[in-house]
Amino acid sequence: MILEEEGLYVPTLGRRVKGIVPLEMALCLKVFIQSKYFTLEELNRSIKEFPYKWSDKADAPQLVPVNFAARKSVGGNGHENWTLLRLLPLMVGSKIPEDLMSDPAHLRVVLADHDVRKLLLPFGIPVTVDELHSIICDTFGITGNFTLHYKDAEFGSEYFSLYSTTDIKDKDTIKVVYILDPPTVTLSLTDVTDNYASIQDQSCEDQSCEDQSCVSSVSSSDTLPVSSFENSPGQRSQRWPTEFIIPRFSASTEIKLQVANENLAKNGTFLSGKDLIQVLPDILGKLSEAIYEYSAYPSSLQFSQVAEALIQKHPCLKEPGSFNGCYGWTQRLKYKMNNFRSKLRFLGCPELDVNSLKRKPAHEQTPAKNVKKPRKAEVNYLPPHTQGETSTSLETERVELLSDVMKTGNNKVIAEKMVKTFSLRRQEIINEAPAVSHFMKRWPALFNVKQINEEFKRLTTVSLESTFLAKLDKCTQKLLSLAQSKGGAAGLKIRHIMDKLLVV
């Protein structure tokens with residue numbers, strides 16, 4: 001190095017240039033790149049194209065590797081690092097703000113109720129929330145997922161979600177709010193002991209009592225409550241059909257389609273032009289209403305199913321130039337369904353009004369963002385209140401339910417009120433997304449086997465228990481074969497239990 005060439009050798013300086021300097025430079029470059037002052041490609045281009053002079057030509061620094069942040073080193077030997085350390089301000093100094101080091105900041109970080117730390121930011125408050133998030137992770141060693149909240153003095157020191165670092169300043173308080181992963185359920189199997197026979201006898205007695213009650217309640221338990229759908233036209237009573245039934249159109253449209261089908265059979269001509277335009281509004285309007293009876297947000301596959309059913313019933317509507325004969329009808333149905341949803345949204349349909357821009361938070365006010373719609377098998381995703389009921393009256397019913405669940409022999413009253421307040425529960429779940437513990441306190445009557453079965457049926461129109469048992473019956477032979485193939489002590493116990501079951 002230059003100092004050595006001049007006869008000024010400092011032992012500790014050589015070790016630092018070879019060890020500490022690459023580490024410190026890597027940390028600084030990581031902060032600069034994360035702050036988007038320049039990119040790694042721009043830095044390496046500056047290193048490569050810099051006009052080195054005299055001894056710096058022989059000690060020209062190497063290009064910074066891509067994984068320098070993970071390695072915590074910029075690489076190179078002591079001579080090259082000394083050259084990079086001296087010339088780096090000339091390479092990228094123009095890209096660094098002049099006041100970068102003038103405003104260091106301190107933040108009070110609440111990691112937990114009993115753990116409050118001080119965070120030193122020598123370069124000031126970062127430009128982005130992501131950068132601040134990364135600094136907190138590195139400083140405090142946080143590995144889990146979390147978001148940041150800041151304390152706003154204008155609202156009585158309440159915490160708000162931090163979306164921009166411009167909302168905080170030096171010596172402000174921020175809070176780390178951990179995002180918990182969904183809980184996992186672990187099933188543990190216990191060995192069957194010798195008292196199995198006594199347990200089975202007791203279960204048989206209980207089962208016989210249940211069978212007597214089940215015989216009288218089969219028709220009511222497997223059928224949707226009439227009162228839940230009778231007075232509310234917005235609630236659905238059936239799922240999407242396997243074969244979509246095309247509704248009957250107006251009399252004039254049916255006559256025109258009949259004539260067109262006859263012309264197709266005689267002349268091979270399809271309905272098109274002005275004749276098609278005349279019947280198009282009626283066809284699309286009736287089909288949209290029929291689709292809405294099953295789903296407000298049908299999938300592309302379901303639209304295709306309706307279009308195929310349409311040209312199958314009325315072949316004259318088939319499109320000769322389409323790859324499947326009905327692609328154009330599929331697109332028309334999608335546009336018509338969008339318009340139909342808009343009309344119902346203005347009429348106050350809760351299933352559609354929940355996705356209006358006025359109902360969304362300010363940062364989500366885009367039509368396609370966070371659309372709340374059925375994702376799985378929900379049929380009554382967000383039904384309206386029954387006729388004559390309001391949110392206030394249903395809230396009164398909910399409060400009465402809290403005392404009804406404390407009474408014995410009150411199952412009929414509870415069942416009726418649970419049916420009546422179904423729409424209120426769905427609005428709470430969809431609009432507020434409450435925690436499970438909070439929801440259990442508000443609706444304790446829901447959390448028992450019978451009401452969960454009924455709630456599942458109200459939501460999907462499918463009986464949960466009978467459907468599960470029917471599907472389980474199809475797997476019985478495979479489960480028995482799997483159990484019989486088990487060897488060792490466990491196999492002996494399983495075969496012993498199966499013998500007892502066959503005797504019973």
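**Exercise 1.** Which side chain does a polar contact of 2.7 Å join to that of arginine 458?

*Solution.* First, find arginine 458: look in helix H20 (residues 449-460). Next, check its surroundings: at 2% relative accessibility, arginine 458 is buried (under 20% relative accessible area, with a 1.4 Å probe and protein chains only). Finally, the partner is glutamate 455, whose side chain sits 2.7 Å from that of arginine 458 in a polar contact (a pair of N or O atoms within 3.5 Å, one able to donate a hydrogen and the other to accept it).

A word on the ground rules: this is a predicted model, where local features need pLDDT of at least 70 and side-chain atom pairs count only at pLDDT 80 or more, while totals for chains, interfaces and linings use all residues. Residues are numbered from 1 along each chain, and side-chain values use heavy atoms, with hydrogens and water left out.

**Exercise 2.** Work out how H13 packs on helix H14 (residues 327-346).

*Solution.* Start with the geometry: the axes lie 9 Å apart, at an angle of about 120 degrees. That makes H13 oblique to H14 (that is, not under 35, not over 145 and not 65 to 115 degrees). Now for the residues: Phe303 and Leu310 are among those in H13 that meet H14, where the residues met include Trp329 and Met337.

**Exercise 3.** Find which element has the lowest mean pLDDT and which the highest.

*Solution.* pLDDT is the predictor's confidence in each residue, from 0 to 100. Helix H9 (residues 196-221) comes lowest at 41, and helix H13 (residues 300-313) highest at 94. For the whole chain, the mean is 80. Then scan residues 192-231: pLDDT stays under 50 there.

Methods. Helix = DSSP H or I, 4+ residues; strand = E, 2+ residues; numbered from the N terminus. Contact = heavy atoms within 4.5 Å. Buried < 20%, exposed > 50% of the residue type's maximum accessible area, 1.4 Å probe, protein only. Axes fitted to C-alpha atoms, helices over the stretch in contact; angles between N-to-C directions.
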